[in-house]
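Visitor: I am new to reading protein models, and I would like to know what the words really mean. Please put one up, and let me ask why each thing gets its name.

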Amino acid sequence: MSAAVNHLTPVALELGGKCPAVVDSVSSSWDTKVTVNRILVSKFGACAGQACIAIDYILVEKRFASTLVELMKVMIKKMFGENPRETNTVARIVNEQHFLRLKNLLSDSAVQNSIVYGGSTDEKNLFVEPTILVDPPLDAAIMTEEIFGPLLPIITLDKVEDSIAFINSKPKPLAIYAFTNNEKFRRRMLSETSSGSLVFNDAVIQYAADTLPFGGIGESGLGRYHGKFSFDMFSHYKAVTRRSFLTDFWFRFPPWNDYKLLLLEATYNYDYLGMLLVILGLKRRR
């Protein structure tokens, strides 16, 4: 870092954060199953959630939450088996420090009461079972710190549209994942939220596309990279301007007066009507 400061080197800084997945009450059972499969493999299948772009928590309408949770329970067993600790279908936590950090996230009694699936841990083998929680306290560490592990809180809302205000009340995430067939809601997610990336109807896959820039915004990072974006990030775009000697705006040169200043102002603002009014004497400085 000191070398970068000494030489004023461009920096791309990716910091991560809490990446939400918004789940709309999609229109068909097929769409619901696809949604659940993609969420589970993105959260528990990719390094057991130990990835900066892993889903951190889910936002869903109250009326759809139980359907989502029950299907997730079934599909977790189908994907990872009845005992993923024994079958080695879920990655281990990278080291003891992070294992204890995750275990501590579950130590709050109010958080424990919100567990609806999983929750077991094995310190010797650095194993944390895929765990689902429904409506843990929003001020608990599991909802204020980046989880970076196989713990998946689900926060229920009255309306899926309330997810926009919820997301905007938090630091800007590295990624937002929105599962929906509602085009109006998609447009709102696009225009009313801010994140490093926005993915509709899937998760994590944006990282594999080197034709897309990857990076954060605000507290989730700065700069962007991947493919040509990496080259552009560390390249300097020199601005080059060239003019002829044949023409000039005479009113750009001193001595100044109100007439010249009005013309300069109108020209700078590309106000062609204003320029005409000044020339005709129909516009004066106040």
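Guide: Let's begin with exposure: a residue is buried under 20% relative accessible area, exposed over 50%, and partly exposed in between (1.4 Å probe, protein chains only). Note too that this is a predicted model, where local features need pLDDT of at least 70, side-chain atom pairs need pLDDT 80 or more, and totals for chains, interfaces and linings use all residues. Residues are numbered from 1 along each chain as its sequence is written, and side-chain values use heavy atoms, leaving out hydrogens and water.

Visitor: Why is arginine 188 called partly exposed?

Guide: Its relative accessible area is 29%, which falls between the two limits, so arginine 188 is partly exposed. Glutamate 192, at 35%, is partly exposed by that rule as well.

Visitor: What makes glutamate 192 and arginine 188 a salt bridge?

Guide: The rule asks for a side-chain nitrogen of Lys or Arg within 4 Å of a carboxyl oxygen of Asp or Glu. Here the N to O distance is 2.9 Å, so the pair qualifies. Side chains of opposite charge can pair when their charged atoms come close.

Visitor: How far apart are glutamate 192 and arginine 188 along helix α9?

Guide: They are four residues apart in α9 (residues 183-192), which means about one helical turn. Helices here are DSSP runs of H or I with at least four residues, strands are E runs of at least two, and both are numbered from the N terminus.

Visitor: Where do glutamate 70 and lysine 73 sit?

Guide: Both are in helix α3, three residues apart, so about one helical turn separates them. Their side chains meet in a salt bridge at 3.3 Å, N to O. Glutamate 70 has 44% relative accessible area and is partly exposed, and lysine 73, at 22%, is partly exposed too.

Visitor: What makes lysine 18 and aspartate 56 a link between distant parts of the chain?

Guide: Their side chains form a salt bridge at 2.4 Å, N to O. Lysine 18 lies in the loop between β1 (13-14) and β2, while aspartate 56 is in strand β3, 38 residues apart. Both residues are buried.

Visitor: How many salt bridges are there by this rule?

Guide: The count comes to twelve.

Visitor: Is threonine 156 buried or exposed?

Guide: Its relative accessibility is 12%, which is under the 20% limit, so threonine 156 counts as buried. Threonine 156 belongs to strand β8 (residues 151-157).

Visitor: How do you know that the side chains of threonine 156 and aspartate 135 make a polar contact?

Guide: A polar contact is a pair of N or O atoms within 3.5 Å; within protein, one must be able to donate a hydrogen and the other to accept it, and residues adjacent in sequence count only if both atoms are side-chain atoms. These two side chains come to 2.7 Å, so the distance is within the limit. Beyond its neighbours within four places in sequence, threonine 156 is in contact (heavy atoms within 4.5 Å) with residues including Val60, Lys62 and Ala65.

Visitor: What makes a nonpolar core?

Guide: It is a set of buried Ala, Val, Leu, Ile, Met, Phe, Trp, Tyr and Cys residues joined through side-chain atoms within 4.5 Å. The largest one here has 33 residues, and Ile58, Leu68, Met72 and Tyr177 touch the most other members. Its largest share, eight residues, comes from α3. Leaving out residues up to four places away in sequence, leucine 68 touches Val23, Val36, Ile58, Val60 and Ile154. Apart from this core lies another, of 26 residues, with Ile93 and Ile147 among them.

Visitor: What is unusual to look for at alanine 48?

Guide: Alanine 48 has a positive phi of about 55° although it is not a glycine. It lies in the loop between α2 and β3, and at 0% relative accessibility alanine 48 counts as buried. Valine 204 also has a positive phi, about 75°, without being a glycine. At 21%, valine 204 is partly exposed, because that value is not under 20% and not over 50%.

Visitor: Which kind of peptide bond joins proline 254 and proline 255?

Guide: A cis peptide bond, with omega about 5°. Proline 255 is in the loop between α10 (228-233) and α11 (258-268).
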